[in-house]
Amino acid sequence: MRLTRDQVVAGGLDLLDEVGLDKLTMRRLAAALGVQNGATYWHFSSKQALLEAMADRMLEEVTTTVDPGLSWDARIAETAHRLRGALLARRDGARLFAGVFFPLPNALAYGETMTATLREAGLALRDAVWAVDALTYYVVGHATEEQLAAAVPDGGRSAVARLRSALDPDRHPVMHAAAGDVAAPHPQEHFRYGLDLLLTGIRARLDGPVP
């Protein structure tokens, strides 16, 4: 049976879940797909090209079925949550996304949807593009930290203990008092808080020029 491009991408994502980004190789993928080493190169000229296609596949449903009747900020928030969900749905998904540049269909649809929504809200074109960048960097960074923390063998308890022991109540009184929130924020609640800060900044920009 001839191997299709879709099968290679799907196999790559399955292998990503199984072994992680660092151990994903074209040779290992060929073995997982049951084909000869090199067969995947009929569809992808390099591992980088495959990773780009895998990252784009992760975004397949990020911009679909977002209710156009929602307010602009509700649509932006919904899309940001969908992006986060797509990255967290795959092992090392955020690292994969951050490590490739892929002007492919789903990535372009995401960028167009987000930018058009902010333009509709009233942002100037450059402000809209840059705001989408800021929102995307936040989502990817937050998801990356979540996935790295989840990969720590003891659930991050040793890292939390190290931080708390390093905080001197005399030298770091504020951080010492907030150690519980600094060391182990609730991922969903923490994400919503940061996203709301960004949306508040965009609303302020819409209210008038910022010096």
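# Exercises on an all-numbered-helix model

The largest pocket has a volume of about 470 Å³. The model is predicted. Work through each task, then check the steps.

## Exercise 1: The pocket

Find which residues lie nearest the centre of the largest pocket, and which helices supply its lining.

Solution.
- Step 1. Start with the lining, which is made up of 19 residues.
- Step 2. Pick out those nearest the centre: Phe97, Ala107, Tyr110, Gly111 and Asp133.
- Step 3. Turn to the helices. H5 (93-98), H6 (105-121) and H7 (125-151) each give at least two residues to the lining.

## Exercise 2: The whole protein

Describe the protein's helices and strands, its extent and its surface.

Solution.
- Step 1. Count the elements: the protein has 11 helices and 0 strands.
- Step 2. Read along the sequence. The pattern is α-α-α-α-α-α-α-α-α-α-α.
- Step 3. Take the extent. The C-alpha trace spans about 65 × 50 × 25 Å along its principal axes.
- Step 4. Look at the surface. The accessible area is about 12,400 Å², and carbon and sulfur atoms hold 55% of that.
- Step 5. Look at burial. Of the 211 residues in the protein, 36% are buried.
- Step 6. Check the contacts. Take those between residues at least 6 apart in sequence; 70% of them join residues at least 24 apart.

## Exercise 3: Charges

How many positive and negative side chains does the protein have, and how far apart are the centres of the two sets?

Solution.
- Step 1. Count the charges: 22 side chains are positive and 26 are negative.
- Step 2. Compare the centres of the two sets. They lie 6 Å apart.

## Exercise 4: Three neighbours in helix H4

Classify aspartate 73, alanine 74 and arginine 75 as buried, partly exposed or exposed. Then list contacts for the two charged residues.

Solution.
- Step 1. Place the residues. Aspartate 73 is in helix H4, alanine 74 is in H4, and arginine 75 is in H4, which covers residues 72-88.
- Step 2. Recall the cut-offs. Buried is under 20% relative accessible area, exposed is over 50%, and partly exposed is in between.
- Step 3. Apply them. Aspartate 73 has 17%, so it is buried. Alanine 74 has 28%, so it is partly exposed. Arginine 75 has 11%, so it is buried.
- Step 4. Leave out neighbours within four places in sequence. Aspartate 73 is then in contact with Leu199 and Arg203.
- Step 5. Do the same for arginine 75. Its partners are Val66, Asp67, Pro68, Leu70, Thr117 and Glu120.
- Step 6. Add one distance. Alanine 74 and leucine 108 are 34 residues apart along the chain, and their C-alpha atoms are separated by 20 Å.

## Exercise 5: Positive phi in two loops

Threonine 65 and aspartate 92 are not glycines, yet each has a positive phi. Find the loop that holds each residue, and decide whether each is buried or exposed.

Solution.
- Step 1. Read the angles. Phi is about 55° for threonine 65 and about 60° for aspartate 92.
- Step 2. Locate threonine 65. It sits in the loop between helix H3 (47-58) and H4.
- Step 3. Locate aspartate 92. Its loop runs between H4 and H5.
- Step 4. Judge threonine 65. Its relative accessible area is 70%, so it is exposed.
- Step 5. Judge aspartate 92. Its relative accessibility is 16%, so it is buried.

Notes:
Residues numbered from 1 in each chain as written. Predicted model: local features only at pLDDT ≥ 70, side-chain atom pairs only at ≥ 80, totals over all residues. Heavy atoms only, no water. Helix = DSSP H or I, 4+ residues; strand = E, 2+ residues; numbered from the N terminus. Buried < 20%, exposed > 50% of the residue type's maximum accessible area, 1.4 Å probe, protein only. Contact = heavy atoms within 4.5 Å. Areas by Shrake-Rupley, 256 points an atom, 1.4 Å probe, with all protein chains shown as cover. Lys, Arg positive; Asp, Glu negative; His and termini not counted. Charge placed at Lys NZ, Arg CZ, Asp CG, Glu CD. 1 Å grid on protein atoms, 1.4 Å probe; cavity = no way out; pocket = protein on both sides within 12 Å on 5 of 7 lines; lining within 4 Å. Points joined across faces, edges and corners; volume = space filled by probe spheres on them.
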